[in-house]
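Subject: Structure for your review

Dear colleague,

Please find the structure below, together with its sequence. A summary of what was found in it follows.

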Amino acid sequence: MITMIGLGPMGQAMVRVLLENGHGVTVWNRTAARADGVVAAGAVRAETPADAVSASELVLLSLTDYAAMYDILGKAEDALAGKVIVNLSSDTPEKTREAAEWVEARGARFVSGGVMVPAELVGKEGAYVFFSGPTEVFEKHRETLALIGRPDFLGEDVRLAQLFYQAQLDIFLTSLSVFLHAGALIRSAGVSVEKFVPYAKDNFKTIDYYLDAAAEQIEKGDHPGDDANVTMMGATADHIVQASRDAGVDLALPEAIKSHYDRAIAAGHGRSSWTSLFEIIKADGK
């Protein structure tokens, strides 16, 4: 038996995948009616959080954030000893560390997770999930967790799953905003965004060409600017700001990008590669 607490679209998708693969699943949700569909599919409804936790060794959480974990498991503290809590909710790495300490202080083990696909793709080809926490705990339940998506275990530091998860969302959310901003530029001339989409797709596809070399330069701390230096690319960033201003398009995003180039130039990286922006973006001393 596995317990799922939290039955939003993601939680419901995970329950259905577990049921389809022959697992018994106990479920609980603050709004009880959200359990109706998965109960009809074979899940067992728990009346209270304590009942839900008591039903299984492996307890999965799919909640809005980590604060919700305290609200719910705080009502089931006496049932936590000996359980494995796998929190698949979204929050910060530091909130994850605090949650692990809270859970472990109550006699349970804690694994953090981040599901990197939307609910409709859970359990399907291409789905993957970041995990971190005690190795032996993860390995004991690897086969079950793999039903949700390919399990990428990042190590004992419980913060790492959320760190990788948020870093991926950093790319994802920023990319969506960049596309919307570019679309606004196109629309400012009365041109359909649909006409621009093929070019945007080509652009997104080429980005991965730069990543391996960029990572190598970042790790070495060496940023040769033979091909595209900061001064040259900073001029392009300035042109995007000016074009946006002329078009009456919001300036917040292009000005943020331009500020990176301006600060890199001010720090003496004008002749260095664009990867030298990392030196002014990173945490001090990291």
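What kind of contact do the side chains of Lys282 and Glu279 make? These side chains meet in a salt bridge, with an N to O distance of 2.8 Å. Lys282 is partly exposed at 28% relative accessibility, and Glu279 is also classed as partly exposed, at 23%. Please note that this is a predicted model, and the remarks below should be read accordingly.

The sheet

Eight strands make up an open sheet, with mixed pairing and the order 3-2-1-4-5-6-7-8. Strand 3 (44-45) and strand 8 (150-153) occupy the edges; each has a single partner strand, so one side of each lacks a neighbour in the sheet.

Within this order, strand 1 and strand 4 run parallel and are joined by four bridges. In this pair, Ile5 stands opposite Leu61 of strand 4. Strand 4 (residues 58-61) is in turn joined to strand 5 by four bridges, and these two strands run parallel. Here Val59 is the residue that stands opposite Ile85 in strand 5. The connection from strand 4 to strand 5 passes through helix 4 (residues 66-73), giving a right-handed β-α-β crossover.

On its other side, strand 5 is linked to strand 6 (residues 109-115) by four bridges, with the two strands running parallel. Val84 stands opposite Arg109 of strand 6. Between strand 5 and strand 6 the chain passes through helix 5 (residues 93-104), and this β-α-β crossover is right-handed.

Strand 5 and the nonpolar core

In a regular strand, side chains alternate between the two faces of the sheet. Strand 5 (residues 84-87) is covered on both faces: Val84 and Val86 are buried on one side, and Ile85 and Asn87 are buried on the other.

Val86 also has a prominent place in the largest nonpolar core: of the 32 residues in this core, Val15, Val27, Leu60 and Val86 touch the most other members. Two or more residues are contributed by each of strand 1 (2-5), helix 1 (9-20), strand 2 (25-28), strand 4, strand 5, strand 6, strand 7 (128-132) and helix 6 (135-145). Helix 1 provides the largest share of the core, with six residues. As background, nonpolar side chains tend to be buried together in soluble globular proteins.

Helix 5 and its salt bridges

Helix 5 contains Thr96, which is buried with a relative accessible area of 0%. Thr96 and Phe138 lie 42 residues apart in sequence, and their C-alpha atoms are 16 Å apart in space.

The side chains of Glu94 and Arg97 meet in a salt bridge of 2.9 Å, N to O. These two residues are three apart in helix 5, so about one helical turn separates them. Glu94 is partly exposed, with a relative accessible area of 35%, and Arg97 is partly exposed at 29%. The pair belongs to a network of salt bridges that links Glu94, Arg97, Glu101, Asp157 and Arg159.

Helix 6 holds another salt bridge, between the side chains of Glu139 and Arg142 (2.9 Å, N to O). Glu139 and Arg142 are three residues apart in helix 6, and therefore about one helical turn apart. Glu139 is partly exposed at 39% relative accessibility, and Arg142 is partly exposed with a relative accessible area of 30%. Across the whole structure, the search finds 14 salt bridges.

A nonpolar patch on the surface

Which residues form a nonpolar patch on the surface? The patch consists of Phe204, Ile207, Tyr209, Tyr210, Leu211 and Trp274, which together have about 650 Å² of accessible area. Leu211 is found in helix 9 (residues 211-220). With a relative accessible area of 47%, Leu211 is partly exposed.

Yours sincerely,

A colleague

Methods:
Residues numbered from 1 in each chain as written. Predicted model: local features only at pLDDT ≥ 70, side-chain atom pairs only at ≥ 80, totals over all residues. Heavy atoms only, no water. Buried < 20%, exposed > 50% of the residue type's maximum accessible area, 1.4 Å probe, protein only. Pairing = 2+ DSSP bridges. Right-handed = clockwise from strand over helix to strand, strands pointing away. Patch = residues over 30% accessible without salt bridge, like charges linked within 9 Å, V, L, I, M, F, W, Y side chains within 5 Å. Areas by Shrake-Rupley, 256 points an atom, 1.4 Å probe, with all protein chains shown as cover. Salt bridge = Lys/Arg side-chain N within 4 Å of Asp/Glu carboxyl O. Core = buried A, V, L, I, M, F, W, Y, C linked by side-chain atoms within 4.5 Å.
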